[in-house]
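Dear colleague,

Please find below the structure that I am handing over to you. My notes on what was found in it follow directly after.

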Amino acid sequence: MVKPGSIIVEDSLFLNLLDEDYSQWLKSLDAILVLGGGVPLSPTEPPVYVQQRCDVVARLFDFMKNNLSSQTSDMKLPSVVCLSAGTAHLPQF
């Protein structure tokens with residue numbers, strides 16, 4: 001069972017999606033935080049590693065919407081909160 005406050009690394013995030021305990025944990029989420037940071041590639045394009053994080057969250061959110069919410073009609077999907085808008089330590093656009 002995943003404990004509250006656990007941090008799941010990307011490599012193991014999609015290994016147990018159909019496990020009942022893991023599904024229960026996913027259903028309990030209030031929010032998913034996407035960490036940003038770094039110098040953007042352009043004014044409209046975040047760094048590649050931030051783009052990859054967004055892709056992972058989109059994949060997880062899509063799974064939750066299509067698989068878990070159909071099992072429970074009262075399930076509320078978590079909010080996705082994107083943090084940061086660059087770094088104060090390096091020049092920005």
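A residue is called buried here if its relative accessible area is under 20%, exposed if that value is over 50%, and partly exposed in between. By this cut-off Leu60, at 6% relative accessibility, is a buried residue. Please note that the model is a predicted one.

Overall organisation

The protein contains 3 helices and 2 strands. Read from the N terminus, these elements follow the order α-α-β-α-β. Of its 93 residues, 28% are buried. The accessible surface amounts to about 6500 Å², and carbon and sulfur atoms contribute 56% of that area. Among the contacts with a separation of 6 or more, 55% are between residues 24 or more positions apart.

Helix H3 and its partners

Leu60 belongs to helix H3. Which residues does Leu60 touch, once its neighbours within four places in sequence are left aside? They are Leu13, Phe14, Leu17, Leu26 and Ile32. Leu26, one of these partners, is 34 residues from Leu60 along the chain, with 9.4 Å between the two C-alpha atoms. Phe14, another of the partners, also takes part in an interaction with Arg59: the charged end of Arg59 sits over the Phe14 ring, 3.6 Å from the ring centre.

Val50 is likewise part of helix H3. Is Val50 buried or exposed? Its relative accessibility is 8%, so Val50 counts as buried. With neighbours within four places in sequence set aside, the contacts of Val50 are Leu35, Gly36 and Gly37. In addition, the C-alpha atom of Val50 lies 7.9 Å from that of Val34, a residue 16 positions away along the chain.

Leu35, which Val50 contacts, is located in the loop between strand S1 (31–34) and helix H3 (48–68). Leu35 also contributes to a nonpolar patch on the surface, together with Leu33, Val81 and Leu83. The accessible area of these patch residues together is about 340 Å².

Helix H2

How many aromatic pairs does the structure hold? There is 1. This pair is formed by Tyr22 and Trp25, whose ring centres are 5.6 Å apart and whose planes are 35 degrees apart, a tilted arrangement. Tyr22 and Trp25 are 3 residues apart in helix H2 (residues 20–27), and therefore about one helical turn separates them. Tyr22 has a relative accessibility of 4% and so counts as buried. Trp25 is buried as well, because its relative accessibility is 11%.

Two further residues of this helix may be described alongside the pair. Ser23 is situated in helix H2 and, with a relative accessible area of 6%, is buried. Apart from residues up to four places away in sequence, Ser23 touches Leu17, Leu18 and Leu68. Leu17 is thus a contact of Ser23 and also a contact of Leu60.

Gln24 is found in helix H2 too. The relative accessibility of Gln24 is 38%, so this residue counts as partly exposed. Measured in sequence positions, a term I use only for counting along the chain, Gln24 and Val2 are 22 residues apart, and their C-alpha atoms are 9.0 Å apart in space.

In brief

Helix H2 carries the tilted pair of Tyr22 and Trp25. In helix H3, Leu60 is buried and touches residues including Leu13 and Ile32. Val50 contacts Leu35, and Leu35 is part of the nonpolar surface patch.

With kind regards

Conventions: Residues numbered from 1 in each chain as written. Predicted model: local features only at pLDDT ≥ 70, side-chain atom pairs only at ≥ 80, totals over all residues. Heavy atoms only, no water. Phe/Tyr/Trp six-rings, centres within 6.5 Å; stacked < 30°, edge-to-face > 60°. Helix = DSSP H or I, 4+ residues; strand = E, 2+ residues; numbered from the N terminus. Buried < 20%, exposed > 50% of the residue type's maximum accessible area, 1.4 Å probe, protein only. Lys NZ or Arg CZ within 6 Å of the ring centre and 35° of its normal. Patch = residues over 30% accessible without salt bridge, like charges linked within 9 Å, V, L, I, M, F, W, Y side chains within 5 Å. Areas by Shrake-Rupley, 256 points an atom, 1.4 Å probe, with all protein chains shown as cover. Salt bridge = Lys/Arg side-chain N within 4 Å of Asp/Glu carboxyl O. Contact = heavy atoms within 4.5 Å.
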